[in-house]
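Welcome to a short tour of this structure. Keep the 3D view open as you read, and turn it whenever a new element comes up.

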Amino acid sequence: MKLSGLRLAVVGPLPPPAGGMANQTRQLADKLSAEGVRVELVQTNAPYRPAWAGRIRGLRAFARLLPYLGSLWRAAGRNDLMHVMANSGWSWHLFAAPAIRIARLRGCPVIVNYRGGEAADFLQGHAPRVRSTMARASLLVVPSGFLQQVFGRFGMSAEILPNAVDVERFSPTPRREVGHAPHLIVTRNLEALYDNETAIRAMAILRARYPQARLTVAGEGPERERLIALVKQLGLQDAVSFVGRLDRAGVAELYARADAMLNPSRVDNTPNSVLEALACGVPVVSTRVGGVPFLVSDGTTALLVPPGDPAAMAAAVIRLFDTPGLVEQLHRQGLEHVSQFAWPKVRQRLAVVYGSVLSGTDNPGPSV
């Protein structure tokens, strides 16, 4: 279908803070607007109004939820289609489920774009309620075959709609000689499920092989102080830098200075950070968890290791830099692989999905 002229409500979080779903929501709205779609954003993390309400526990949820419900009601009444970015836990109950039900009440078709590596655990306890709500949606789309399988196990079918990668911002730069000073980076938030500790402990092992190796950790979160203490305990103060949360331009600039990207996550779905690294031509060493093996192939487009194993992660980095031609191979094949996530291909798939929902057909065609 032609996207131009479509009236679309996009429901989801927006930066700040920058995160996978917030960045995807912002990018989707911007790309579709450039295609002539009349996009109305309904922000799930809008600022509290009045601002002081956000400082009072018990009042915060209502201060955000009531204006959100009003925005949903208005948006569902004046748009052709609603595209809801959904996640697990309270995010589902407070934001996605009300959007689906309000869209159904107002006769607006709704597509649920579910993402998040913790879907299996969430559905284990909430599948009946999720199925009941999803019965009111027109279509469920997920960014990976991993999530498609997860939902299938709980009796819900899903189509694959890949994440889009901004290949104009995230693009390759010339590689440099690493020698004894590889620059490694982590671009995940400082939360327990992303297990930055494993990357730091791997760095302690790597310093014996590469005495001038450096690790830059970009992100914020509740683990920050504990991780800083761990760095001091391991004597890595001169090797590990915490640069905080970076904006999109800052992350792209960090990739341009990186020799490899580490993804030590314990739980994952389709991490955009991995795709962005590939788009920048940066080799990836990642844990083999969740949807990651659906996203990259071990030894072909990335190197995969077990979670929570610093020695295995360090060994993979050593293999990367000590195997002749391996960096160049991952660079070349990673760039080829990530091309399928560029906007023109995702846009084509999105147009088919939107067209199928608006026309009332059941099959939006083959997955990308």
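In this predicted model, helices H6 and H7 run roughly parallel to each other, because their axes cross at roughly 15° and angles under 35 degrees count as roughly parallel. H6 covers residues 196–209 and H7 covers residues 224–233, and their axes come within 11 Å. The way H6 passes H7 is a right-handed crossing. To find the contact, look for Asn196, Glu197, Ile200 and Arg201 on the H6 side, which meet Arg226, Leu227, Leu230 and Val231 on the H7 side. The residues of this contact divide into 4 nonpolar, 1 polar and 3 charged.

A second helix pair is formed by H3 (residues 90–105) and H4 (residues 119–134). Their axes cross at roughly 20°, which makes H3 roughly parallel to H4. This crossing is right-handed. From H3, the contact takes in Trp92, His93, Ala97, Ile100 and Arg101, while H4 brings Phe122, His126, Arg129, Val130, Ser132, Thr133 and Met134.

Here are the two pairs, one per row:

| Helix pair | Axes come within | Crossing angle | Contact residues |
|---|---|---|---|
| H6 and H7 | 11 Å | roughly 15° | 4 nonpolar, 1 polar, 3 charged |
| H3 and H4 | 10 Å | roughly 20° | 6 nonpolar, 4 polar, 2 charged |

Now for the sheet. In what order do the 6 strands of the open sheet lie? The order is S2-S1-S3-S4-S5-S6, with parallel pairing. Strand S2 (38–43) and strand S6 (159–160) stand at the edges with a single partner strand each, so one side of each has no neighbour in the sheet. At the S6 edge, strand S5 (residues 139–142) pairs with S6 in the parallel sense over 2 bridges, and Val142 stands opposite Ile160 in S6.

Helices pack on this sheet too. Helix H1 (residues 20–34) touches strand S1 (7–12), S2 and strand S3 (81–86), and its direction makes about 160° with that of S2. Helix H5 (residues 145–153) touches strand S4 (110–114), S5 and S6, with its direction at about 135° to that of S5.

One last stop is helix H9 (residues 272–279). Is H9 mostly covered or exposed? H9 is mostly covered, with 8 of its 8 residues buried. Among them are Val274, Leu275 and Leu278, along with Glu276. The buried residues of H9 pack against H1, helix H8 (248–256), strand S10 (260–263), strand S11 (284–287), helix H10 (292–295) and helix H12 (326–338). After H9 comes Gly281, whose phi is positive, near 75°.

Terms used. Residues are numbered from 1 along each chain as its sequence is written. This is a predicted model: local features need pLDDT of at least 70, side-chain atom pairs count only at pLDDT 80 or more; totals for chains, interfaces and linings use all residues. Side-chain values use heavy atoms; hydrogens and water are left out. Axes are lines fitted to C-alpha atoms, for helices over the stretch in contact, and angles run from 0 to 180 degrees between N-to-C directions. Angles under 35 degrees count as roughly parallel, over 145 as roughly antiparallel, 65 to 115 as roughly perpendicular and the rest as oblique. A crossing is left-handed if the near helix is turned anticlockwise from the far one by less than a right angle, and right-handed if clockwise. Contact means heavy atoms within 4.5 Å. Ala, Val, Leu, Ile, Met, Phe, Trp, Tyr, Cys and Pro count as nonpolar, Asp, Glu, Lys and Arg as charged, and the others, Gly among them, as polar. Two strands pair if DSSP finds at least two bridges between them. Buried means under 20% relative accessible area, exposed over 50%, partly exposed in between (1.4 Å probe, protein chains only).
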